[in-house]
Amino acid sequence: MRLLFAVLSFQIKKLIQKGIFMQTKSLREIILSGLFIASGLILPGIFHVYGMGSTFSPMHIPVLLAGFFLSIPYAIAVGALTPFLSSVFTGMPPIFPIMPYMVFELATYGTIASLLYRKLKVNVYIALIGSMIAGRIVAGFAVWVLATFFAAKLPGPIIFISGAVTNGIPGIVLQLVFIPALVMLLNRYNIVRRDGIRHKP
C-alpha cells in the first residue's frame, strides 16, 4: 500500500511539474511573440526614414527570427499579425493589395523556419534559405489569387517572384548575414536551443 502511494505521489508530482513547465514555456513564447511583432512594427519605420524600407525588407527580419525561437503556431501568428498590424497602425504595407499577400508570405517564413530548424534540426542556413524560398513561392501564389479573383493590379506570379528576388538582394544579403550569426551566437552562449529559449544556468 505504501509502495502504491509512493508511486502515485511521484506520478502526480511529475504531472504538476510538467504542467508548470508547459505554462512557463507558453508564457515565454507569448512574450517573445509580442517582442518580435513589436520589432516588426518599429524596424520598417526606422528604415523608411532613410529611404531603405523597400530595399532591405526590415519587417522580414524579426519574422524570420521568430521561426528560430518559437514553435510553429507562435511563428505563424507573428508572421501573419506583423504585416496586418503594421498596415492598420502605420499604413505600411497598404492594406490592399500588398498586405494580404504579405500575411501569407511572412506566415510561411515563420512556419518553414520553425519546422526546418526546430523540428527537423537542419542547419541554420538551410532553414533560413528554405523559408525564404517557400515564402516567396507562397507570396507568388497569393498574388495570382488576388489578381485573378479580386482584380488586384499586380504582376503575374513569376514576374512578381523574380522582381522580389532581384529588388530584394540587399535585404536577402542582410538576412543571410545577420540572422544565422545571431542564432549561432545565442546557441554558443546557451541562451537558445532548438526547442525554444532557455535561461542561462
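Which residues are buried in α3? In this predicted model, they are His60, Ile61, Pro62, Val63, Leu64, Leu65, Ala66, Gly67, Phe68 and Phe69. The legends below start with the whole chain and then visit one close-up after another.

**Figure 1. The whole chain holds eight helices and two strands.** Reading from the N terminus, the order of elements is α-α-α-α-α-α-α-α-β-β. The protein has 201 residues, and buried ones make up 37% of them. Among contacts with a separation of 6 or more, 68% are between residues 24 or more positions apart. The exposed area comes to about 11,400 Å², with carbon and sulfur atoms supplying 75% of it.

**Figure 2. Helix α3 is largely enclosed by the rest of the structure.** This follows from a simple tally, because ten of the ten residues of α3 are buried. For a reader checking the model residue by residue, buried here stands for under 20% relative accessible area. The helix spans residues 60-69, so you can begin at His60, which is buried, and follow the buried residues along to Phe69.**Figure 3. Ile61 is a buried residue of α3.** Its relative accessibility is 8%, which is why Ile61 counts as buried. Setting aside neighbours within four places in sequence, Ile61 is in contact with Leu174, Gln175, Phe178 and Ile179. A handy distance to check is the one between the C-alpha atoms of Ile61 and Tyr109, which is 9.9 Å. Along the chain, these two residues are 48 residues apart.

**Figure 4. The largest nonpolar core brings together 35 residues.** Phe36, Phe68, Tyr101 and Ile179 touch the most other members of this core. The elements that give two or more residues to the core are α1 (2-49), α3 (60-69), α5 (98-119), α6 (124-149) and α8 (169-188). Helix α6 provides the largest share, eight residues. In soluble globular proteins, nonpolar side chains tend to be buried together.

**Figure 5. Ile179 touches a set of residues that includes Phe68.** Not counting residues up to four places away in sequence, Ile179 touches Ile61, Leu64, Leu65, Phe68, Leu128 and Leu174. Of these, Ile61, Leu64, Leu65 and Phe68 are among the buried residues of α3.

**Figure 6. Arg136 is buried yet has no salt bridge.** This arginine is in helix α6. What is the nearest side chain of opposite charge to Arg136? It is Glu105, 4.8 Å away. For comparison, the cut-off used for a salt bridge is 4 Å between a side-chain nitrogen of Lys or Arg and a carboxyl oxygen of Asp or Glu. Leaving out residues up to four places away in sequence, Arg136 touches His60, Glu105, Tyr109, Ile161, Ala164, Val165 and Ile172.

**Figure 7. A nonpolar patch of about 710 Å² lies on the surface.** Ile95, Phe96, Phe141, Trp144, Phe149 and Phe150 make up the patch. One of them, Phe141, is found in helix α6. Phe141 counts as exposed because its relative accessibility is 54%.

**Figure 8. Two cis peptide bonds involve prolines of the loop between α4 and α5.** One runs from Met92 to Pro93, with omega near 0°. Pro93 is placed in the loop between α4 (72-90) and α5. The other joins Phe96 and Pro97, and here omega is about 5°. Pro97 is also found in the loop between α4 and α5, while Phe96 is one of the residues of the nonpolar surface patch.

**Figure 9. Lys121 and Ala151 have positive phi values although neither is a glycine.** For Lys121, phi is near 60°. Lys121 is found in the loop between α5 and α6, and its 46% relative accessibility means that it counts as partly exposed. For Ala151, phi is about 55°. Ala151 is found in the loop between α6 and α7 (157-167), and it counts as exposed because its relative accessibility is 62%.

**Figure 10. Ser71 is a buried residue in the loop between α3 and α4.** At 17% relative accessibility, Ser71 counts as buried. Is Ser71 buried or exposed when you look it up in the model? It is buried. Apart from neighbours within four places in sequence, Ser71 is in contact with Glu29, Ser114 and Arg118.

How values were computed: Residues are numbered from 1 along each chain as its sequence is written. This is a predicted model: local features need pLDDT of at least 70, side-chain atom pairs count only at pLDDT 80 or more; totals for chains, interfaces and linings use all residues. Side-chain values use heavy atoms; hydrogens and water are left out. A nonpolar core is a set of buried Ala, Val, Leu, Ile, Met, Phe, Trp, Tyr and Cys residues joined through side-chain atoms within 4.5 Å. Buried means under 20% relative accessible area, exposed over 50%, partly exposed in between (1.4 Å probe, protein chains only). Helices (H or I, at least four residues) and strands (E, at least two) are DSSP runs, numbered from the N terminus. Contact means heavy atoms within 4.5 Å. Patches are made of residues with over 30% relative accessible area and no salt bridge: like charges are joined within 9 Å, nonpolar side chains (Val, Leu, Ile, Met, Phe, Trp, Tyr) within 5 Å. Accessible areas come from the Shrake-Rupley method with a 1.4 Å probe; for residues, only the protein chains shown count as cover. Lys and Arg count as positive and Asp and Glu as negative; His and the chain ends are not counted.
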